[in-house]
Amino acid sequence: MTIKLIYWPFLQGRGEFVRLILEDAGAEYEDVARKPESEGGGANVVTQYLYGASDACVGFAPPYLIDGEITLAQMPAICAYLGERFGLAPTSDGDRSRALQLQLTVADVVNEVHDTHHPVTSSLAYEEQKDESLGAARAFREQRLDKWLGFFDRVLADGGGEALVGGALSYPDFGLFQIVEGLCYAFPIAVERSLGDAPRVRDHVERVRSRPRVAAYLASERRLAFNEHGIFRRYPELDG
Ligand SMILES: N[C@@H](CCC(=O)N[C@@H](CS)C(=O)NCC(=O)O)C(=O)O
């Protein structure tokens, strides 16, 4: 049965963490809202789920995943589910819990990055909170970026350098790939400096990028470009 992903059709956002796992797994899936409206797609599909107009009360906010009878929301929960389903999760109980811990840490980074351009509220545009964003982005660059990348670098070192947990690539490895890709887009100057102190993270990103299905996906039209609607936005003034 085809898995359905319901997510905003014009941005990577939190949906991209799900897309990367589906792609690496070679899963049969439909990115429903990206289909033309005439074929049942469009942003309206997401809105229907978001505002409860759909039959299924899936979860509070997108991404949503539908796999037969199973409906799920919350990006880390979806990634954990797909990791288990497609053999991209550790097998021992301890490592499985740790994989979830790491995916939740990825989600923490996502939230912090979001708050660099929306520090006041999501319901106002960036342009309406630009002054506050300057301070929030500066604090992120100066106090958090090295800390986040250093943390993941140490986790990779502990795991032998090839994977975050369990000795083989699993779903949080794709999460780390995506946050570093996003950070490089949003804060190219600051991240280039920080990655110099996180060499394992840098290598890791290339390792994930060169996986055949990931590489094919990144080169395809299915991979949306980063843009200023998503989580990782390039506003040069926020890069210091
Ligand atoms: N914690 C949730 C956050 C979900 C979320 O904020 N979704 C965004 C798109 S990335 C959205 O459209 N939110 C609409 C809303 O909160 O009303 C997750 O990780 O999935």
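**The ligand site and the empty spaces of the model**

Trainee: Which residues are around the ligand?
Mentor: The ligand is surrounded by Y7, W8, R14, L50, F60, A61, P62, P63, Q74, M75 and P76. Please keep in mind that this is a predicted model.

Trainee: How does that shell divide into nonpolar, polar and charged residues?
Mentor: Nine residues of the shell are nonpolar, one is polar and one is charged.

Trainee: Which polar side-chain atom lies 2.8 Å from an oxygen atom of the ligand?
Mentor: That atom belongs to W8. R14 also places a polar side-chain atom 3.2 Å from a ligand oxygen.

Trainee: And what is the distance from a ligand oxygen to the backbone of M75?
Mentor: A polar backbone atom of M75 is 2.9 Å from an oxygen atom of the ligand. As for coverage, the ligand on its own has 510 Å² of accessible area, and the protein covers 69% of that.

Trainee: Where does the ligand sit?
Mentor: The ligand occupies the largest pocket, whose volume is about 690 Å³.

Trainee: How many residues line the largest pocket, and which lie nearest its centre?
Mentor: The lining has 27 residues, and those nearest the centre are Y7, W8, R14, P62 and I231. Two or more lining residues come from each of the elements α3 (75–85) and α4 (93–117).

Trainee: Which element gives the largest share of that lining?
Mentor: The largest share is that of α4, with five residues. By class, the pocket lining comprises 15 nonpolar, ten polar and two charged residues.

Trainee: Let us turn to the backbone. Which residues does the cis peptide bond join?
Mentor: The cis bond links P62 and P63, with omega at about 10°. Both prolines are among the residues around the ligand. P63 is placed in the loop between α2 (43–50) and β3 (64–67).

Trainee: What is the phi of Q74?
Mentor: Q74 has a positive phi of about 75°, although this residue is not a glycine. Its place is the loop between β4 (70–73) and α3. Q74 also belongs to the residues around the ligand.

Trainee: Now to enclosed space. How many cavities of 30 Å³ or more does the structure hold?
Mentor: The structure holds one such cavity. The volume of the largest cavity is about 40 Å³.

Trainee: Which residues line the largest cavity?
Mentor: Its lining consists of Q12, G13, A225, F226, N227, G230, I231 and F232. Among them, I231 is also one of the residues nearest the centre of the largest pocket.

Trainee: And how does the cavity lining divide by class?
Mentor: Four of the cavity-lining residues are nonpolar and four are polar, with no charged residues.

Definitions and conventions. Residues numbered from 1 in each chain as written. Predicted model: local features only at pLDDT ≥ 70, side-chain atom pairs only at ≥ 80, totals over all residues. Heavy atoms only, no water. Near = heavy atom within 4 Å. Polar contact = N/O pair within 3.5 Å; in protein donor to acceptor, adjacent residues only side chain to side chain. Areas by Shrake-Rupley, 256 points an atom, 1.4 Å probe, with all protein chains shown as cover. 1 Å grid on protein atoms, 1.4 Å probe; cavity = no way out; pocket = protein on both sides within 12 Å on 5 of 7 lines; lining within 4 Å. Sits in = over half its atoms within 2 Å of the grid points. Nonpolar A, V, L, I, M, F, W, Y, C, P; charged D, E, K, R; others polar. Points joined across faces, edges and corners; volume = space filled by probe spheres on them. Helix = DSSP H or I, 4+ residues; strand = E, 2+ residues; numbered from the N terminus.
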